[in-house]
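Take a look at the protein below. This report walks through its pockets, its cores and its charged pairs.

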Amino acid sequence: MTAPVFAPGATAVRRDVVHGRVWSAMPYTVLADDGATLTIAARPGTDSLVPARWAAAARAGGTRSGCIDDLAAGQWELDHWTWRDTVVVGRFTAGAPFSVHRFLTPEGRPLRWYVNFERPYRRTAIGVDTFDLFLDLVIDPDLSTYSWKDEDEYAQARRLGVVDEATHRQVDRARDLALAQLRDRSGPFAPEPDAWRLPPEGPLPVLPATALSTPAEGG
(Lines give C-alpha, C1' and ligand atoms only; values in the text may rest on other atoms or scores of the structure.)
Protein backbone atom coordinates (compact mmCIF):
# COMPACT_ATOMS: atom_id res chain seq x y z
CA MET A 1 0.00 0.00 0.00
CA THR A 2 1.28 3.47 -0.87
CA ALA A 3 2.23 5.47 2.21
CA PRO A 4 -0.26 8.29 2.73
CA VAL A 5 0.59 11.97 2.50
CA PHE A 6 -1.43 14.01 4.98
CA ALA A 7 -3.12 17.26 4.05
CA PRO A 8 -2.66 20.39 6.20
CA GLY A 9 -5.27 20.39 8.94
CA ALA A 10 -5.64 16.59 8.92
CA THR A 11 -5.01 14.46 11.99
CA ALA A 12 -1.86 12.32 12.16
CA VAL A 13 -1.31 9.96 15.08
CA ARG A 14 2.20 9.39 16.39
CA ARG A 15 2.39 5.99 18.04
CA ASP A 16 5.13 4.21 19.93
CA VAL A 17 4.89 0.54 18.98
CA VAL A 18 6.94 -2.30 20.49
CA HIS A 19 6.47 -6.07 20.63
CA GLY A 20 3.53 -5.62 18.25
CA ARG A 21 1.65 -3.48 20.77
CA VAL A 22 0.94 0.21 21.12
CA TRP A 23 2.95 1.83 23.93
CA SER A 24 1.56 5.33 23.37
CA ALA A 25 -0.61 7.19 20.89
CA MET A 26 -1.13 10.93 20.47
CA PRO A 27 -3.02 12.81 17.75
CA TYR A 28 -1.53 15.88 16.13
CA THR A 29 -2.68 18.43 13.58
CA VAL A 30 -0.73 18.29 10.33
CA LEU A 31 0.97 21.53 9.32
CA ALA A 32 2.84 20.24 6.24
CA ASP A 33 3.74 16.93 4.63
CA ASP A 34 5.69 16.22 1.44
CA GLY A 35 5.81 12.46 1.83
CA ALA A 36 9.24 12.49 3.48
CA THR A 37 9.04 15.21 6.10
CA LEU A 38 5.94 15.48 8.26
CA THR A 39 5.42 18.62 10.38
CA ILE A 40 2.74 18.42 13.06
CA ALA A 41 1.51 20.35 16.08
CA ALA A 42 -0.31 19.75 19.35
CA ARG A 43 -1.99 22.20 21.71
CA PRO A 44 -2.94 22.01 25.37
CA GLY A 45 -6.05 19.91 25.89
CA THR A 46 -5.14 17.19 23.38
CA ASP A 47 -6.04 13.76 24.76
CA SER A 48 -3.58 10.89 24.27
CA LEU A 49 -2.88 7.38 25.52
CA VAL A 50 0.27 6.63 27.51
CA PRO A 51 1.50 3.80 29.77
CA ALA A 52 -0.60 3.84 32.93
CA ARG A 53 2.41 3.84 35.27
CA TRP A 54 3.92 6.73 33.34
CA ALA A 55 0.71 8.72 33.75
CA ALA A 56 0.53 7.93 37.47
CA ALA A 57 4.16 8.97 37.98
CA ALA A 58 3.67 12.19 36.02
CA ARG A 59 0.60 13.12 38.07
CA ALA A 60 2.45 12.40 41.32
CA GLY A 61 5.69 14.08 40.27
CA GLY A 62 7.58 10.78 40.50
CA THR A 63 9.98 8.92 38.24
CA ARG A 64 9.08 6.82 35.22
CA SER A 65 11.36 3.89 36.01
CA GLY A 66 8.41 1.60 36.78
CA CYS A 67 7.03 1.85 33.26
CA ILE A 68 10.41 0.83 31.83
CA ASP A 69 10.24 -2.27 34.04
CA ASP A 70 6.78 -2.96 32.58
CA LEU A 71 8.12 -2.50 29.06
CA ALA A 72 10.95 -4.97 29.67
CA ALA A 73 8.42 -7.48 31.05
CA GLY A 74 6.12 -6.93 28.06
CA GLN A 75 3.21 -6.09 30.34
CA TRP A 76 1.57 -2.68 30.47
CA GLU A 77 -1.77 -0.93 30.46
CA LEU A 78 -2.65 2.39 28.85
CA ASP A 79 -4.29 5.40 30.43
CA HIS A 80 -5.50 8.76 29.17
CA TRP A 81 -3.17 11.72 29.38
CA THR A 82 -4.03 15.29 28.43
CA TRP A 83 -1.31 17.43 26.90
CA ARG A 84 -0.97 20.63 28.89
CA ASP A 85 0.79 23.98 29.24
CA THR A 86 2.65 24.21 25.92
CA VAL A 87 2.21 24.11 22.17
CA VAL A 88 4.61 21.74 20.43
CA VAL A 89 5.58 21.76 16.76
CA GLY A 90 7.29 18.54 15.69
CA ARG A 91 9.11 17.42 12.57
CA PHE A 92 9.57 13.80 11.51
CA THR A 93 11.96 13.12 8.62
CA ALA A 94 12.04 9.79 6.79
CA GLY A 95 15.01 7.65 7.82
CA ALA A 96 16.08 10.01 10.60
CA PRO A 97 16.95 8.42 13.97
CA PHE A 98 15.28 11.25 15.86
CA SER A 99 12.47 13.76 15.58
CA VAL A 100 12.83 17.44 16.44
CA HIS A 101 10.30 19.50 18.37
CA ARG A 102 9.93 23.15 19.30
CA PHE A 103 7.99 24.03 22.42
CA LEU A 104 6.20 27.36 22.67
CA THR A 105 3.86 29.05 25.11
CA PRO A 106 0.22 29.24 23.93
CA GLU A 107 1.00 32.87 23.08
CA GLY A 108 3.90 31.86 20.82
CA ARG A 109 7.00 32.55 22.95
CA PRO A 110 9.72 29.97 22.18
CA LEU A 111 10.67 27.86 25.19
CA ARG A 112 13.08 25.18 23.95
CA TRP A 113 14.00 22.75 21.22
CA TYR A 114 13.81 19.05 21.92
CA VAL A 115 15.45 16.19 20.04
CA ASN A 116 13.69 12.90 20.68
CA PHE A 117 15.86 9.88 19.85
CA GLU A 118 13.69 7.12 18.44
CA ARG A 119 13.47 4.50 15.74
CA PRO A 120 12.98 5.91 12.22
CA TYR A 121 9.29 6.30 11.62
CA ARG A 122 7.05 4.06 9.55
CA ARG A 123 4.00 5.63 7.94
CA THR A 124 0.59 4.13 8.60
CA ALA A 125 -2.92 4.90 7.42
CA ILE A 126 -3.41 7.10 10.51
CA GLY A 127 0.03 8.66 10.99
CA VAL A 128 3.49 7.39 11.92
CA ASP A 129 4.75 4.55 14.09
CA THR A 130 8.10 4.74 15.87
CA PHE A 131 9.51 3.91 19.29
CA ASP A 132 10.96 6.37 21.79
CA LEU A 133 14.43 5.33 22.94
CA PHE A 134 14.22 7.45 26.13
CA LEU A 135 17.20 9.71 25.49
CA ASP A 136 16.56 13.39 24.67
CA LEU A 137 18.54 16.48 23.81
CA VAL A 138 17.15 19.79 25.14
CA ILE A 139 18.32 22.97 23.41
CA ASP A 140 17.84 26.61 24.35
CA PRO A 141 15.46 28.64 22.14
CA ASP A 142 18.34 30.47 20.43
CA LEU A 143 20.21 27.18 19.79
CA SER A 144 23.18 28.42 21.84
CA THR A 145 23.41 25.74 24.52
CA TYR A 146 22.10 22.23 25.11
CA SER A 147 21.85 19.50 27.74
CA TRP A 148 21.12 15.79 27.70
CA LYS A 149 17.92 14.58 29.33
CA ASP A 150 16.74 11.21 30.71
CA GLU A 151 20.14 9.55 30.51
CA ASP A 152 19.17 7.61 33.65
CA GLU A 153 16.11 6.17 31.89
CA TYR A 154 18.22 5.31 28.86
CA ALA A 155 20.73 3.51 31.10
CA GLN A 156 17.90 1.57 32.74
CA ALA A 157 16.50 0.60 29.34
CA ARG A 158 19.97 -0.68 28.36
CA ARG A 159 20.35 -2.69 31.57
CA LEU A 160 16.95 -4.33 31.05
CA GLY A 161 17.61 -5.14 27.40
CA VAL A 162 14.97 -2.77 26.05
CA VAL A 163 17.80 -1.01 24.19
CA ASP A 164 20.19 -3.66 22.87
CA GLU A 165 23.80 -3.12 21.91
CA ALA A 166 23.07 -2.63 18.20
CA THR A 167 20.45 0.01 19.01
CA HIS A 168 22.85 1.67 21.45
CA ARG A 169 25.44 2.02 18.68
CA GLN A 170 22.75 3.55 16.45
CA VAL A 171 21.85 6.02 19.19
CA ASP A 172 25.52 7.01 19.57
CA ARG A 173 25.67 7.77 15.85
CA ALA A 174 22.37 9.66 16.11
CA ARG A 175 23.80 11.79 18.94
CA ASP A 176 26.71 12.78 16.73
CA LEU A 177 24.39 13.59 13.84
CA ALA A 178 22.09 15.76 15.96
CA LEU A 179 25.02 17.71 17.43
CA ALA A 180 26.56 18.17 13.98
CA GLN A 181 23.30 19.55 12.59
CA LEU A 182 22.98 21.84 15.60
CA ARG A 183 26.55 23.08 15.20
CA ASP A 184 26.15 23.64 11.46
CA ARG A 185 22.60 25.01 11.72
CA SER A 186 21.54 22.43 9.16
CA GLY A 187 18.67 19.96 8.83
CA PRO A 188 15.87 20.91 11.24
CA PHE A 189 18.07 23.66 12.72
CA ALA A 190 18.51 25.55 9.44
CA PRO A 191 17.01 29.06 9.51
CA GLU A 192 13.36 28.46 8.68
CA PRO A 193 11.27 30.61 11.02
CA ASP A 194 7.94 30.15 9.26
CA ALA A 195 8.10 26.36 9.69
CA TRP A 196 8.39 26.58 13.47
CA ARG A 197 6.07 29.43 14.39
CA LEU A 198 2.88 29.12 16.42
CA PRO A 199 0.31 27.19 14.37
CA PRO A 200 -3.13 28.69 13.77
CA GLU A 201 -5.95 27.98 16.18
CA GLY A 202 -8.29 25.15 15.28
CA PRO A 203 -10.17 22.18 16.69
CA LEU A 204 -8.12 19.78 18.76
CA PRO A 205 -7.35 16.47 17.01
CA VAL A 206 -8.74 13.27 18.50
CA LEU A 207 -7.56 9.68 18.41
CA PRO A 208 -9.36 7.58 15.80
CA ALA A 209 -11.06 4.31 16.68
CA THR A 210 -8.15 2.43 15.07
CA ALA A 211 -5.50 4.03 17.31
CA LEU A 212 -4.88 0.77 19.19
CA SER A 213 -4.99 -1.54 16.19
CA THR A 214 -1.89 -3.65 15.73
CA PRO A 215 0.67 -2.21 13.28
CA ALA A 216 -0.52 -4.55 10.51
CA GLU A 217 -4.17 -3.67 11.10
CA GLY A 218 -3.42 0.04 11.49
CA GLY A 219 -1.78 0.25 8.07
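The text below starts with the pockets, then turns to the cores, two loop residues and the salt bridges. Keep in mind that this is a predicted model.

## Pockets

Start with the largest pocket. Its volume is about 1000 Å³. The lining of this pocket counts 35 residues, and the closest to its centre are Trp 54, Arg 64, Trp 83, Tyr 114 and Asp 132.

Which elements build this lining? Several strands and helices each supply at least two residues of it. Among them are strand E1 (11-18), strand E2 (21-33) and strand E4 (47-51). Helix H1 (52-60) and helix H2 (65-73) also belong to that group. So do strand E7 (98-104), strand E8 (110-118) and strand E11 (132-139). E2 gives the most, with 5 residues. Sorted by class, the lining of the largest pocket has 17 nonpolar, 7 polar and 11 charged residues.

Now the second largest pocket. Its volume is about 220 Å³. Here 16 residues form the lining, and the closest to the centre are Thr 29, Pro 200, Gly 202, Pro 203 and Pro 205. Two or more lining residues come from E2 and from strand E3 (37-42). The largest share, 3 residues, again comes from E2. By class, this lining divides into 10 nonpolar, 4 polar and 2 charged residues.

## Nonpolar cores

In soluble globular proteins, nonpolar side chains tend to be buried together. What does that look like in this model?

The largest nonpolar core has 32 residues. Those with the most contacts inside the core are Leu 71, Val 115, Phe 117, Phe 131, Phe 134, Ile 139 and Phe 189. At least two core residues come from each of H2, E7, E8, E11, helix H3 (151-159) and helix H4 (165-184). E11 gives the most to this core, with 5 residues.

Pick out Leu 71 and look around it. Setting aside neighbours within four places in sequence, Leu 71 is in contact with Val 18, His 19, Trp 23, Trp 76, Phe 131, Phe 134 and Val 162. Another core lies apart from the largest one. This other core has 16 residues, including Met 26, Phe 92, Tyr 121 and Val 128.

## Two loop residues with positive phi

His 19, one of the contacts of Leu 71, sits in the loop between E1 and E2. It is not a glycine, yet its phi is positive, about 55°. Is His 19 buried or exposed? It counts as exposed, because its relative accessibility is 60% and exposed means over 50%.

Asp 150 also has a positive phi, about 65°, and is not a glycine. Find this residue in the loop between strand E12 (146-149) and H3. Asp 150 is buried, because its relative accessible area is 14% and buried means under 20%.

## Salt bridges

Side chains of opposite charge can pair when their charged atoms come close. How many salt bridges are counted in this model? The count comes to 15. Three of these pairs are set out here.

| Positive partner | Negative partner | N to O distance |
|---|---|---|
| Arg 91 | Glu 192 | 3.3 Å |
| Arg 122 | Asp 129 | 3.5 Å |
| Lys 149 | Asp 150 | 2.9 Å |

Take Arg 91 and Glu 192, which form a salt bridge. This pair links distant parts of the chain, 101 residues apart. Arg 91 is in strand E6 (residues 87-93), while Glu 192 is in the loop between H4 and helix H5 (215-218). Arg 91 counts as buried, at 12% relative accessibility. Glu 192 is partly exposed, with a relative accessible area of 36%.

Next come Arg 122 and Asp 129, whose side chains meet in a salt bridge. Arg 122 counts as partly exposed, at 37% relative accessibility. Asp 129 counts as buried, at 6%.

The third pair brings back Asp 150, whose side chain meets that of Lys 149. Lys 149 is partly exposed, with a relative accessible area of 31%. Asp 150 is buried, at 14%. Elsewhere, salt bridges with shared partners join Arg 14, Asp 16 and Glu 118 into one network.

Note on methods:
Residues are numbered from 1 along each chain as its sequence is written. This is a predicted model: local features need pLDDT of at least 70, side-chain atom pairs count only at pLDDT 80 or more; totals for chains, interfaces and linings use all residues. Side-chain values use heavy atoms; hydrogens and water are left out. On a 1 Å grid over the protein atoms alone, a cavity is a set of points where a 1.4 Å probe fits but cannot get out, and a pocket is an open set with protein on both sides within 12 Å along at least five of seven lines; lining residues have an atom within 4 Å of a point. Grid points are joined across faces, edges and corners, and a volume is the space filled by probe spheres set on the points. Helices (H or I, at least four residues) and strands (E, at least two) are DSSP runs, numbered from the N terminus. Ala, Val, Leu, Ile, Met, Phe, Trp, Tyr, Cys and Pro count as nonpolar, Asp, Glu, Lys and Arg as charged, and the others, Gly among them, as polar. A nonpolar core is a set of buried Ala, Val, Leu, Ile, Met, Phe, Trp, Tyr and Cys residues joined through side-chain atoms within 4.5 Å. Buried means under 20% relative accessible area, exposed over 50%, partly exposed in between (1.4 Å probe, protein chains only). Contact means heavy atoms within 4.5 Å. A salt bridge is a side-chain nitrogen of Lys or Arg within 4 Å of a carboxyl oxygen of Asp or Glu.
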